[in-house]
Amino acid sequence: MHKHISLFILSLFTLYSVNTFANRPDSVYIFAYNTKPSRGLSFAWSGNGKSWTTIGNEHSFISSDYAQWGTDKKMHSPSLTRFGQTWVLVFALDDRVNQLAISTSADLFHWQPQDYVFLEGVGQCLDPIAIADKSQVNVYFHNKAGQWFATATSDFYHFSKPIASDAPNDNRIKAFVNHNEYQGNVHRVAWAEVESIINFKLATDVRAQQNAESLADDAQRFAALGSDTIKATLTIDASSPLAISDKLLGIFFEDINYSADGGLYAELVQNRDFEYDTHEHGREENWGSSQSWKLVGEGTSFTISTDSPLNDIQKHYAVLDVKTVGAALVNDGFDGIVVKNGARYDISFFARQLAGKAAQVRIELRNDDRVIGSAVLKAPTNSWQQYTAVIKATASATNATLAIIPTAPGSVALDFVSLFPQDTYKARKNGMRRDLAEALEALHPRFMRFPGGCLVHGQGIDNIYHWKQTIGPLWERTPQPNIWNYHQSRGLGYFEFFQLCEDLGCEPLPVVAAGVPCQNTAITSLGGGQQGGIPLGQPMQQYIQDVLDLIEWANGDPKTSTWARKRAEAGHPKPFNLKYLGIGNEDLISQAFTERYLMIINAVKERYPDITVCGTTGPFFEGSDYERGWQLAKQHNIDMVDEHYYVSPGWFINNQHFYDNYDRSASKVYLGEYASHIPGRHSTIETALTCAIQICNMERNGDVVAMSSYAPLLAKHGHTQWNPDLIYFDNQQVYTTVDYEVQRMCGQSQGDQYLPSTFMANNAKADVARRLSTSTVHDTKTGRTYIKLVNLLPNPINADINLNQIASILPKGASLNNIPAQLILLTGSYNEQKARASEPSDIVLREHTNINLPPYSFTIIQF
Ligand code: AHR
């Protein structure tokens, strides 16, 4: 059924656009309206201004991008006017805010990123009406009290101070489209303009149809192939290698899905500082200071106090008022505490005796009622002090608890209770869970991005991630609500991130917010979305200074630099040798964003010209943010830009030349977040192999694509906000995915030269051709060569590997007819979720070698 569908649509498109419109008038009317606020701006056209024909069946050519997905992002009362050659759209947002939305377009289908302008002293901006005159666009609106105001703009961002006004004549009309009556603006336009909009929509539909290509339909799509083995030839030409990035594959870390606390960060006590906050977790009723803690036993009370806390950051602490000894304050960890027989655990807490005679505090690891490890800590004094001990476990448990038992009546204050396994990755104190970090190590990442993702720019201005809050003594770090609806302890902060990069042997790629919070921020008293950004002036200057201080902290000399001294005090006197800095995360490229983004980039480049700055181009592979983000990158010579796209397998199959036409002299690309998504959002052979295709295509374009990272990286079972992820885990085990296998296979086979190669089936059909992909890279440092071959067909392929043009990369005297090599294979049915790569098997390559590529398989040959 799908076999010829794209061709069919394409020919329809051609016929429709060339023939059907042959007798149209020079100009027609266009009606701009929206069917409901959750949809965007639609168009209809008419020759007589009375009977209207919908364009693209009420397709939204622009819809609101303001504030939160799901509840917000509404377009109310759109008003469209034309100012010279520029179409100007204004619309109302939520009736709680004094903001007006504005966007412009030259053609009604490519729209500039939206701006949400604050208009002071008006209350609300409802029912806007835009009327262009010769020099400006006048906008009239009213507030909830019915008072009308007028403002004006000529640059579509700066608006004059609103003044009281009479209600203008409403320039909208009512019209019937598809038998429904709507209100909107009518303009007379050239027929060619309408035709362009129609063609744009048709082309969009063709692409959507292509991108819907799914392996589930392969039985029909490739029915004509029967069960034939397809013959194909791979030819590699090593005579003119292309220099490519040797940092192509890395990892993207974000504290989403409990990736940090309760995940990679090995701390076992949840809410160790009693700083969980009721507002940071939307669903759980009891979320707050005593989350994960409970009192077990009689004769003691457990309360939370804020009087004379440990410091200004650790505002809350626990008070145990013991009347009769025996009760325990118990923490049940992150879904229980895993304890290993014989392992050692560092226990520590801060305590202060509030009343009664000071007495020792007993600590127990408990498995149900059985004690499987214990320690006795000194009696607290009456000022805050830290107490430490080591517990050796006497048995294993998967669901243990930590119990704190004062040994005499009295009142004792406790804060910052930590239980940390000594067995961490590379035995680091305050380190990473070993099994998870080893799973990262096996990916052979060339860089690691941190701390996200949306977490970087945060849920509102107050939630922007500030790196300075995440270094130094743990109890002096500022905990923060996580944009993914839980708590960040910041135990895994910037120091731990840089140290982990060193341990993994990869480059750190920190990302800082571009001075604006996430465009999807919920509406608060500050507004929604980007909320206007960090105020320009002193707050923004301080923010820029913080970014510069990050580079100083990472690379500076402790003898001369305050920030470098902090790094040295934390145990790392040598510089971390930071080379990359990301600025912004898939932001809306609004004016508020742009001015702050460029201020930061300019300041960094002026002071640290050698740092590779990575900008941002929005959340999609096309559209207004992508276009404007790229335009900025080119105008301002930004070193590299971060692209993001989560797309269907069909997108990867049908967009294999995406980077082939990129401008080689412009900014480099960091594909910072990508994954192949199918309904149900599992990781399967289909998603993994389509990502393998993407990696082959990125390697071929490795002179432009400098870095890439699959996203997200980690997810804890039972706590996932996003699927699929590369690695799942629970407290005991790590569960890698099929996509992990592809990233691991490719991570281990990176090179710094691409050897031009072709992989052609003897079946000339386009459907077949685009299911084959290849890339050969050579690593000049090790002399190793890696051939990647993707067979995304339901049929086996018998491939002739033709090596007669690779002599230049072989060691002197080596025979083309006896090259010892290894082959690694990943294969399975298209919807298989458990497929794993084979162990490398030895093969011998000759000038011509026949290799069988099973249906739905990814093969790497290395020699
Ligand atoms: O990877 C999950 C999220 O996807 C990231 O936080 C964000 O940047 C993107 O939208």
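**Confidence, ligand shell and cores in a predicted model**

Modeller: The protein chain of this predicted model has an average pLDDT (the predictor's confidence in each residue, from 0 to 100) of 96, and 97% of the residues score at least 70. Residues are numbered from 1 along each chain as its sequence is written, and side-chain values use heavy atoms, without hydrogens and water. In this predicted model, local features need pLDDT of at least 70 and side-chain atom pairs count only at pLDDT 80 or more, whereas totals for chains, interfaces and linings use all residues.

Colleague: What makes the pair formed by Glu673 and the ligand a polar contact?

Modeller: A polar contact is a pair of N or O atoms within 3.5 Å. An N or O atom in the Glu673 side chain lies 2.6 Å from a ligand oxygen atom, so the pair qualifies.

Colleague: How do you know that Cys454 makes one too?

Modeller: A backbone N or O atom of Cys454 is 2.8 Å from an oxygen atom of the ligand, and therefore meets that limit.

Colleague: Why is Tyr494 said to be in contact with Trp553?

Modeller: Contact means heavy atoms within 4.5 Å, and Trp553 therefore counts among the partners of Tyr494. Others include Phe450, Tyr465 and Leu550.

Colleague: Which residues have the most contacts inside the largest nonpolar core?

Modeller: That core has 134 residues, and Leu264, Tyr494, Trp553, Ile583, Val604, Leu826 and Phe858 have the most contacts inside it. A nonpolar core is a set of buried (under 20% relative accessible area, 1.4 Å probe, protein chains only) Ala, Val, Leu, Ile, Met, Phe, Trp, Tyr and Cys residues joined through side-chain atoms within 4.5 Å.

Conventions: Buried < 20%, exposed > 50% of the residue type's maximum accessible area, 1.4 Å probe, protein only. Polar contact = N/O pair within 3.5 Å; in protein donor to acceptor, adjacent residues only side chain to side chain. Lists of a residue's contacts leave out its neighbours within four places in sequence.
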